[in-house]
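Visitor: I've got the sequence and the fold open side by side. Mind walking me through a few spots?

Guide: Sure, ask away.

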Amino acid sequence: MKNKKITLALIFNFIIAVGMITGIIVDAVVSKQYHDSGNEKYEPFFLNLKYYTVLSNVVLAIAATILIVYIFLLLKRKIKKVPLWVSIFKMCATTGTTITMLVVLFVLTPGIAAGLGDESVKITTLYINASAIYHVINPLTGLLTFILFETNKKIELKHCCFGMIFTGAYSVFYVLEAYLHFLPNCYWKAMSYDWYKFVESVGDYGIAPMIIAFIAASFLITWLLRLVNSKINILGKSCYM
């Protein structure tokens, strides 16, 4: 039973890693197609790394790859169990992509359906090409894998604080990026540096509460992941036990 659970963890983490590679390839192909067609609004695929969606998926893929390496070492009997820090890192990475998925499903999709935001953006845009991988496939795979096949009761409440680091760092980066490209006497005309329009929407006095809200949400999601992970124990022991 132990080997079965570990094998499933290995398979699904491999799917995550391959999914990220596939997303990058699809992004590159689509970017080239847009470039060749003369579409100036479409950015080179590597610039997509500025988006929380893509970055969170990159971090998840890195965490999955690290876990794959350790599982192989475990199966080869080079180690007795996977280190705790790997589990914590995977939990935090899962938090990032879970936030991505929740925002897409419960904020962006209803918003677009209600006619809010850019009228040129359609709901299908969120679920085609690489977006399907970044928005749903990898986040959902990461979530289910961590909950079902990576049980680790040694993760403590204090470890949930690490789940705030990525979102907090990105929030600060985002705001600084917007402010550093602020154009005097032309309020937020440099919209390419406020790509989510958060700063424009909340204004100067709403930035701090916005960052705090995002960080608090990331802690809550990390805490929930830890809670569910420790309660659901199927197929016997995991690679951390």
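Visitor: Which residue does glutamate 150 form a salt bridge with?

Guide: Keep in mind that this is a predicted model. In it, the closest N and O atoms of the pair are 2.7 Å apart, and a salt bridge needs the nitrogen within 4 Å of the carboxyl oxygen. The partner of glutamate 150 is lysine 90.

Visitor: How many residues apart in sequence are the parts that this pair ties together?

Guide: Glutamate 150 sits in the loop between α4 (129-149) and α5 (163-180). Lysine 90 belongs to helix α3 (residues 84-113), so the bridge links parts whose separation in sequence is 60 residues.

Visitor: Is lysine 90 buried or exposed?

Guide: Its relative accessible area comes out at 0%, and the cut-off for buried is under 20%. Its partner glutamate 150, also listed at 0% relative accessibility, counts as buried. So lysine 90 is buried.

Visitor: How many salt bridges does the structure hold?

Guide: Besides the glutamate 150 and lysine 90 pair, the side chains of lysine 158 and glutamate 156 meet at 3.6 Å, N to O. Here lysine 158 is exposed at 55% relative accessibility, while glutamate 156 is partly exposed at 40%. The total for the structure is 2.

Visitor: Let's switch to isoleucine 66. Which residues does it touch, leaving out those up to four places away in sequence?

Guide: Isoleucine 66 is in helix α2 (residues 52-75). With a relative accessible area of 23%, isoleucine 66 is partly exposed, because buried would require under 20%. Its C-alpha is 9.5 Å from that of asparagine 13, 53 residues away along the chain. As for the contacts, they are Trp85, Val86 and Phe89.

Visitor: In which helix is the confidence highest?

Guide: Across the protein the pLDDT averages 82, with 76% of the residues scoring at least 70. The low end is helix α6 (residues 198-202), with a mean of 63. Over residues 183-190 the pLDDT is below 50, though that stretch has 12 contacts in the model beyond near neighbours in sequence. The highest mean, 93, belongs to α2.

Visitor: And how far does helix α7 reach from its first C-alpha to its last?

Guide: Helix α7 (residues 207-231) has 25 residues, and at 1.5 Å a residue the expected span is 36 Å. Its buried residues include Ile207, Met210, Leu225 and Asn229. The reach of α7 in the model is close to that expectation, at 36 Å.

Conventions. Residues are numbered from 1 along each chain as its sequence is written. This is a predicted model: local features need pLDDT of at least 70, side-chain atom pairs count only at pLDDT 80 or more; totals for chains, interfaces and linings use all residues. Side-chain values use heavy atoms; hydrogens and water are left out. Helices (H or I, at least four residues) and strands (E, at least two) are DSSP runs, numbered from the N terminus. Buried means under 20% relative accessible area, exposed over 50%, partly exposed in between (1.4 Å probe, protein chains only). Contact means heavy atoms within 4.5 Å. pLDDT is the predictor's confidence in each residue, from 0 to 100. The expected span of a helix is 1.5 Å times one less than its number of residues.
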